[in-house]
Amino acid sequence: MSISLSTAASLYDRVRRVIPPIEWPAFSDDIDAILALKRERNAVILAHNYQTPEIFHCVADIVGDSLALARKAMTVDAQVIVLAGVHFMAETAKLLNPGKTVLIPDLGAGCSLADSITAADVRLMRQRYPGVPVVTYVNTSAAVKAESDICCTSGNALAIVESLGTPRVIMLPDEYLARNIATQTKVEIIAWKGHCEVHERFTPADIRELREAHPGVTVLAHPECPPEVVAEADFAGSTAAMSDYVGRHKPARVVLMTECSMSDNVAIEHPEVDFVRPCNLCPHMKRITLANIRAALEENRHVVTIDPDVADRARRAVERMLAV
Ligand code: 13P
Ligand code: SF4
């Protein structure tokens with residue numbers, strides 16, 4: 001089955017500002033096939049804000065930041081979930097939907113933060129700081145979540161830290177997120193040394209150069225950026241918070257200190273805003289393509305599985321976060 005021509009045309013209309021007409025034929029076949037496969041397989045596609053526009057705007061059913069994807073994953077009726085994002089996001093969707101099939105189109109779609117810490121590391125931190133609760137960023141494996149008291153995302157980290165009512169928390173594994181949250185709370189935060197390989201590359205000098213080259217530009221930064229970068233920005237927040245900021249304030253010109261595709265996706269929604277685009281790609285996010293989403297649905301691959309004992313403990317930490 002293929003979608004009608006008018007649907008294909010209207011899909012291209014959505015993305016014409018960021019995908020040149022010459023590139024569209026390379027996408028349209030896979031888009032037709034994916035739309036048909038979703039109906040045949042009773043599947044939905046969850047896509048993170050860093051996915052490329054032909055995925056984000058043309059085949060995804062649910063889009064958002066890590067927190068929104070986790071929350072919305074709980075409301076999905078379909079039997080199959082394809083996670084267009086990285087592995088920890090697919091694991092989180094599986095934790096919240098143990099009875100459904102969750103597919104990740106490329107098993108290599110990892111995350112430098114998730115790779116920076118193991119379950120044994122968390123146990124060592126607990127030994128070193130007895131009785132101090134462990135707040136774990138969702139950008140971690142299920143095994144690490146299973147050793148944690150509660151999870152957080154960049155969208156709710158401050159609220160989660162303050163919800164525990166303790167004078168100190170251990171916050172793993174993103175050192176910069178931990179230090180950025182520490183500037184907003186009286187709770188003492190014990191951090192780990194993990195970094196996002198995309199956001200750690202931004203520097204305060206980058207922001208100063210951008211301001212000089214584009215006078216009046218509004219600078220938004222993700223809290224995985226180093227604190228010196230966040231200090232130079234006009235606003236810091238999760239990918240969803242940055243997108244909301246653009247919608248609410250409609251700055252004449254904006255720069256998002258985050259992954260490249262985010263600007264394309266938000267620019268489509270706000271044609272009146274001029275986006276300056278320094279480009280740091282996340283190589284893990286970019287492993288997901290229309291071709292491997294199609295193959296995932298055609299060949300039922302790669303099925304995400306989690307050891308049941310690990311899953312039970314990890315789910316508790318994620319559900320505790322979602323209840324805050
Ligand atoms: P968000 O939760 O802000 O979408 O961030 C996820 C991520 O991987 C950022 O690098
Ligand atoms: Fe991980 Fe950074 Fe890529 Fe997000 S952008 S998935 S934190 S490596």
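**Ligand environment and pockets of the predicted model**

In this predicted model, ligand 1 is surrounded by His48, Tyr50, Asp65, Ser66, Asn139, Ser154, His199, His222, Glu224, Ser238 and Thr239. When these residues are sorted by class, the shell around ligand 1 comprises eight polar residues, two charged residues and one nonpolar residue. The space that ligand 1 takes up is the largest cavity.

Polar contacts to oxygen atoms of the ligand were computed for several side chains of this shell, including those of Ser66, His222 and Thr239. For Thr239, a polar side-chain atom is placed 2.6 Å from an oxygen atom of ligand 1, while in the case of Ser66 an N or O atom of the side chain is 2.7 Å from an oxygen atom of the ligand. A polar atom in the side chain of His222 lies 2.8 Å from an oxygen atom of ligand 1. Taken alone, ligand 1 exposes 300 Å², and 96% of that area is buried by the protein.

Apart from the ligand, the open pockets of the model were examined. The largest pocket holds about 300 Å³ of space, and its lining consists of 21 residues, with Ser154, Gly155, Ala236, Gly237 and Ser238 lying nearest the centre. Two of these names, Ser154 and Ser238, also appear among the residues around ligand 1. At least two lining residues are supplied by each of helix 8 (157-163), helix 9 (175-182), strand 10 (235-236) and helix 12 (239-249). In terms of class, eleven residues of the lining of the largest pocket are nonpolar, eight are polar and two are charged.

The second largest pocket contains about 170 Å³ of space and is lined by 13 residues, of which Asn49, Phe56, Val63, Gly64 and Ser243 are found nearest its centre. Two or more residues of this lining come from each of strand 2 (62-64), helix 4 (66-73), helix 12 and helix 13 (260-269), and the largest share, amounting to four residues, is provided by helix 13. Helix 12 thus recurs in the description of both pockets, as it gives at least two residues to the lining of the largest pocket and two or more to that of the second largest. By class, the lining of the second largest pocket divides into six nonpolar, four polar and three charged residues.

Notes:
Residues are numbered from 1 along each chain as its sequence is written. Chains are lettered from A and ligands numbered from 1 in the order in which they are written. This is a predicted model: local features need pLDDT of at least 70, side-chain atom pairs count only at pLDDT 80 or more; totals for chains, interfaces and linings use all residues. Side-chain values use heavy atoms; hydrogens and water are left out. On a 1 Å grid over the protein atoms alone, a cavity is a set of points where a 1.4 Å probe fits but cannot get out, and a pocket is an open set with protein on both sides within 12 Å along at least five of seven lines; lining residues have an atom within 4 Å of a point. Grid points are joined across faces, edges and corners, and a volume is the space filled by probe spheres set on the points. Ala, Val, Leu, Ile, Met, Phe, Trp, Tyr, Cys and Pro count as nonpolar, Asp, Glu, Lys and Arg as charged, and the others, Gly among them, as polar. A residue is near a molecule or strand if one of its heavy atoms lies within 4 Å of it. A polar contact is a pair of N or O atoms within 3.5 Å; within protein, one must be able to donate a hydrogen and the other to accept it, and residues adjacent in sequence count only if both atoms are side-chain atoms. Accessible areas come from the Shrake-Rupley method with a 1.4 Å probe; for residues, only the protein chains shown count as cover. A molecule sits in a cavity or pocket if more than half of its atoms lie within 2 Å of its grid points.
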